[in-house]
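Biologist: Could you take a close look at the salt bridges for me, and then walk me through whatever surrounds them? I'd like one connected account rather than a list.

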Amino acid sequence: RRRRLYLAWARRWLMSRSLADAAATALDSNPLGDEESRKVEKPVANSARCIELARSLFGIEPLTGSVRDLDSYDDRNFYCKATSSRPELKAAADCHACGDPPGSFHFVVKVHNGVESLSPGFIECQNLAMELVRAAGVWCPRALPSLEGRQIAFAEQPLADGSVRRHAVRCLPYRPACLLGSALPGAALLRELGGVTARVSCALSAFDHPEAHRTFIWDLAQTAAIRPSPPP
C-alpha cells in the first residue's frame, strides 16, 4: 500500500513538473518582460487631462467635480458624469443615463498602457468580444465611437520617465451598480448569476481573433511557469 501511495505521488509530481516545463517554455520568448513593460509604460494623466481627451476625442463635456481617477493596474481609467450632443453616445441600451443633472451620462475614459497601445488588434479583440456579449442579452460596456467614428482613438501621453508615447484611448458607458460580494445572497440571485454566466459562455464559445492567442501571465494556465508547484 505504501508503494502504491508513493507511485501515485511520483506520478502527480512528474505531471506537475511537466506542466511547469511546458508553461515555462511558452514564456521563454519573453519571460515576464511583457508584464513588466506594462507597469513601466503606464501613462501619466490627471483629471484635467481626462477632460481634454473627453472633449477633443469623443465630444463629451465632463461636469465640474465629477471626474474621478479609478484604480488600475497598468492603464489610467477615469470616471466622469458628462453631457454630449452626440446621439450615438446616448443609447438607451447602455443604461448609463444620469438623472442628476438631467441630460448627463456616466462614462469611463480609458487610456491604455504603452504595450497594448502598440497592439491595437488586441484592443479590437476586446471590443468584438464585448459586442458578442451584448448581442446575447447581457449588459456589457461597448467602445463608443470617437469624433472620427473610431472605436479606438489615440493621443500622445507621457510616461513616468518623461518620455512621450502614443496611447490608445477608449470611451465606454458606465453603469452604476454594486459588486456581487456586496449583494445579499439568495436563490434568485444565484439563478440569475448562473444564467448570465451561461449566456456569456455561449456568446464567446465560437469567438476567435488572431490577437486572442497570446501568452499572458494572468492566464491561470500559466501559473506553473511563474511559480512551479512543489511536490505534494
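**A close look at the salt bridges**

Modeller: Let's start with Glu61, which forms a salt bridge with Arg55, the closest N and O atoms being 2.6 Å apart. Keep in mind that this is a predicted model. As for cover, Glu61 is partly exposed at a relative accessible area of 33%, and Arg55 is partly exposed too, at 44%. In general, side chains of opposite charge can pair when their charged atoms come close.

That pair is one piece of a bigger set, as the structure holds 9 salt bridges. Another one joins Asp69 to Arg76, and here the closest N and O atoms are 2.4 Å apart. The two ends of this bridge fall into separate classes: Asp69 has 39% relative accessibility and counts as partly exposed, while Arg76 has a relative accessible area of 15%, and because buried means under 20%, Arg76 is buried.

Now for Arg142, which forms a salt bridge with Asp94, with 2.9 Å between the closest N and O atoms. Arg142 lies in the loop between helix 5 (120-135) and strand 6 (153-158), and Asp94 lies in the loop between strand 3 (76-84) and strand 4 (97-98), so this pair ties together parts that are 48 residues apart in sequence. Both Arg142 and Asp94 are buried. The pair isn't on its own, either: salt bridges that share partners join Asp94, Arg134 and Arg142 into one network.

Stay in the loop between helix 5 and strand 6 for a moment, since Arg150 sits there as well. With 52% relative accessibility, Arg150 counts as exposed, because the cut-off for that class is over 50%. Arg150 and Arg170 are 20 residues apart along the chain, and their C-alpha atoms are separated by 9.3 Å.

Moving on along the chain brings us to the largest pocket. Strand 7 (164-173) and helix 6 (187-204) each supply at least two residues of its lining. Helix 6 gives the largest share, with 5 residues. The lining has 17 residues, and Trp139, Arg175, Ala177, Cys178 and Glu192 lie nearest the centre of the pocket. The space inside comes to about 590 Å³. If you sort the lining by class, you get 14 nonpolar residues, 3 charged ones and no polar ones.

Helix 6 turns up once more when you look at the surface, as Leu190 is found in it. Leu190 has 55% relative accessibility and so counts as exposed. Together with Leu180 and Leu193, Leu190 forms a nonpolar patch on the surface, and the accessible area of the three comes to about 280 Å².

To place all of this in the whole chain, there are 7 helices and 7 strands. Read along the sequence, they follow the pattern α-α-α-β-β-β-β-β-α-α-β-β-α-α. Of the 232 residues of the chain, 34% count as buried, and Arg142 and Asp94 are among the buried ones.

Notes:
Residues are numbered from 1 along each chain as its sequence is written. This is a predicted model: local features need pLDDT of at least 70, side-chain atom pairs count only at pLDDT 80 or more; totals for chains, interfaces and linings use all residues. Side-chain values use heavy atoms; hydrogens and water are left out. On a 1 Å grid over the protein atoms alone, a cavity is a set of points where a 1.4 Å probe fits but cannot get out, and a pocket is an open set with protein on both sides within 12 Å along at least five of seven lines; lining residues have an atom within 4 Å of a point. Grid points are joined across faces, edges and corners, and a volume is the space filled by probe spheres set on the points. Helices (H or I, at least four residues) and strands (E, at least two) are DSSP runs, numbered from the N terminus. Ala, Val, Leu, Ile, Met, Phe, Trp, Tyr, Cys and Pro count as nonpolar, Asp, Glu, Lys and Arg as charged, and the others, Gly among them, as polar. Patches are made of residues with over 30% relative accessible area and no salt bridge: like charges are joined within 9 Å, nonpolar side chains (Val, Leu, Ile, Met, Phe, Trp, Tyr) within 5 Å. Accessible areas come from the Shrake-Rupley method with a 1.4 Å probe; for residues, only the protein chains shown count as cover. A salt bridge is a side-chain nitrogen of Lys or Arg within 4 Å of a carboxyl oxygen of Asp or Glu. Buried means under 20% relative accessible area, exposed over 50%, partly exposed in between (1.4 Å probe, protein chains only).
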